[in-house]
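This report describes a protein chain for a reader who has not met it before. The sequence and the structure come first, and the description follows.

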Amino acid sequence: MLDLPLFHHLLQALPENAHLILVGDVDQLPSVGPGRILANLIESGVVPIVRLTEIFRQAATSRIVLSAHQINQGILPEITAPAEPTDFYFIERESPELIASTLVDLIRKRIPTKWPCDPIGDIQVLCPMNRGSLGAREVNKTLQNALNPTRADEPEVERFGWSFRLRDKVIQTQNNYDKEVFNGEIGRVTAIKPEDQEVTIQFDQREVVYEFGELDEVSLAYAMTIHKAQGSEFPVVIIPLAMQHFLLLQRNLIYTAITRGRKLVIVAGQKKALEFSVKNNPTAERFSGLLDRLRDPEYSA
């Protein structure tokens, strides 16, 4: 998540006698902003590095952890139906229509029946991309209609391509320092006042009021892209996977998605797409100049 501009400001803010310890996962997707900070620091060889690779006994019982490690090594994880309940499942579906209907069935019925959870608050769908029938935008609309349909006696507001309803799960998409709400924060719509042209959204224990004209700062969050979920964790994660996502299917994407889930991860989709993701491990080169500067004695002195 750490990009070059943020790292620059962090270093400037530190006193000269401070120690800086960075903890991260270099195998996840790189930051949205420029640079590959953690990878460059590791590759440079100029700073002490410790890498944790051992799976301890408690984690070894988790198929989430084991599957993530297998994917990191280019190995297809176990996808046959397990004999005993576990925390990682693959549900094979071939057509996008079947994948979409499976998402709805999992969230409305199958998961809440076996794992006590809030279908809207605890379950997060992570899509490889925004566009397409299985992209975050279309999946959001499908899940909104399935989980929080229109009610004749309740107000609803349409702005900027979204329809917002009471109880909707939404995400802030940009930093708003005046409201003290920041990019990636997830909340729930608690009030819609057409007469005042206002929507109230609760983030954790704090309610924030938006004028209708400010709703371009939020979008539905029943589904989001895997990139958007970087740095976050969710009790339950569902990942729709199909070859229509071909352009973005790669190892670090699926690895990042799986490691977002704490208690349960379900991949629903085409086996071919999962196999392709695990095998596809391109080297993402970014031209920031940081690595050369770290290796240059003039800069590292």
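## A salt bridge between distant parts

Asp118 and Arg188 form a salt bridge, with their closest N and O atoms 3.4 Å apart. Asp118 is in the loop between α5 (96–114) and β2 (123–127), while Arg188 belongs to strand β6 (residues 186–193), so this pair ties together parts that are 70 residues apart in sequence. The structure shown is a predicted model.

Both partners have some access to the surface. Asp118 counts as partly exposed because its relative accessibility is 31%. Arg188 is also partly exposed, with a relative accessible area of 27%.

## Other salt bridges

Side chains of opposite charge can pair when their charged atoms come close. How many salt bridges does a search of the whole structure find? The search finds nine.

One of them joins the side chains of Arg165 and Glu156, at 3.2 Å from N to O. Arg165 is buried, since its relative accessible area is 9% and the limit for buried is under 20%. Glu156 has 30% relative accessibility and therefore counts as partly exposed. Elsewhere, Arg151, Glu154 and Arg167 are joined into one network by salt bridges that share partners.

Within that network, the side chains of Arg151 and Glu154 meet in a salt bridge of 3.9 Å, N to O. Arg151 counts as partly exposed at 41% relative accessibility. Glu154 counts as partly exposed too, at 21%.

## The parallel sheet

Strands of a sheet pair through backbone hydrogen bonds, either parallel or antiparallel. Five strands of this chain make an open sheet with parallel pairing, in the order β1-β12-β11-β2-β10. Its edge strands, each pairing on one side only, are β1 (88–92) and β10 (223–225). From one strand to the next, the twist averages 25°.

Three bridges pair β2 with β10 in the parallel sense. Val125 stands opposite Ala223 in β10. Two helices that pack on this sheet can be described by the strands they touch. Helix α4 (residues 63–72) packs on the sheet and touches β1 and β12 (261–269), its direction making about 60° with that of β12. Helix α6 (residues 136–147) packs on the sheet as well, touching β2 and β10, and its direction makes about 170° with that of β10.

## The antiparallel sheet

Another open sheet of five strands has antiparallel pairing and the order β8-β7-β6-β5-β9. Which strands lie at its edges? They are β8 (206–211) and β9 (218–220), each of which pairs on one side only. The twist in this sheet averages 40° from one strand to the next.

Strand β6, which holds Arg188 of the salt bridge described at the start, runs antiparallel to strand β7 (residues 198–203), and five bridges join the two. Ile192 stands opposite Val199 in β7.

## A loop residue

Where is Pro15 found? Pro15 is in the loop between α1 (4–13) and α2 (37–44). Pro15 counts as partly exposed, at 48% relative accessibility. Pro15 and Val65 are 50 residues apart along the chain, and their C-alpha atoms are separated by 38 Å. Val65 falls within helix α4 (residues 63–72), the helix that touches β1 and β12.

## The chain as a whole

The secondary structure of the protein chain comes to 10 helices and 12 strands. Along its principal axes, the C-alpha trace spans about 70 × 50 × 35 Å. The radius of gyration is 21 Å, which agrees with the value near 19 Å that a compact globule of 301 residues would have.

Of the 301 residues, 42% count as buried. The accessible surface of the chain comes to about 16800 Å², and 51% of this belongs to carbon and sulfur atoms. Among contacts between residues at least 6 apart in sequence, 66% join residues at least 24 apart.

Methods: Residues are numbered from 1 along each chain as its sequence is written. This is a predicted model: local features need pLDDT of at least 70, side-chain atom pairs count only at pLDDT 80 or more; totals for chains, interfaces and linings use all residues. Side-chain values use heavy atoms; hydrogens and water are left out. A salt bridge is a side-chain nitrogen of Lys or Arg within 4 Å of a carboxyl oxygen of Asp or Glu. Helices (H or I, at least four residues) and strands (E, at least two) are DSSP runs, numbered from the N terminus. Buried means under 20% relative accessible area, exposed over 50%, partly exposed in between (1.4 Å probe, protein chains only). Two strands pair if DSSP finds at least two bridges between them. Axes are lines fitted to C-alpha atoms, for helices over the stretch in contact, and angles run from 0 to 180 degrees between N-to-C directions. Contact means heavy atoms within 4.5 Å. The radius of gyration is taken over C-alpha atoms; the globule rule is 2.2 Å times the number of residues to the power 0.38. Accessible areas come from the Shrake-Rupley method with a 1.4 Å probe; for residues, only the protein chains shown count as cover.
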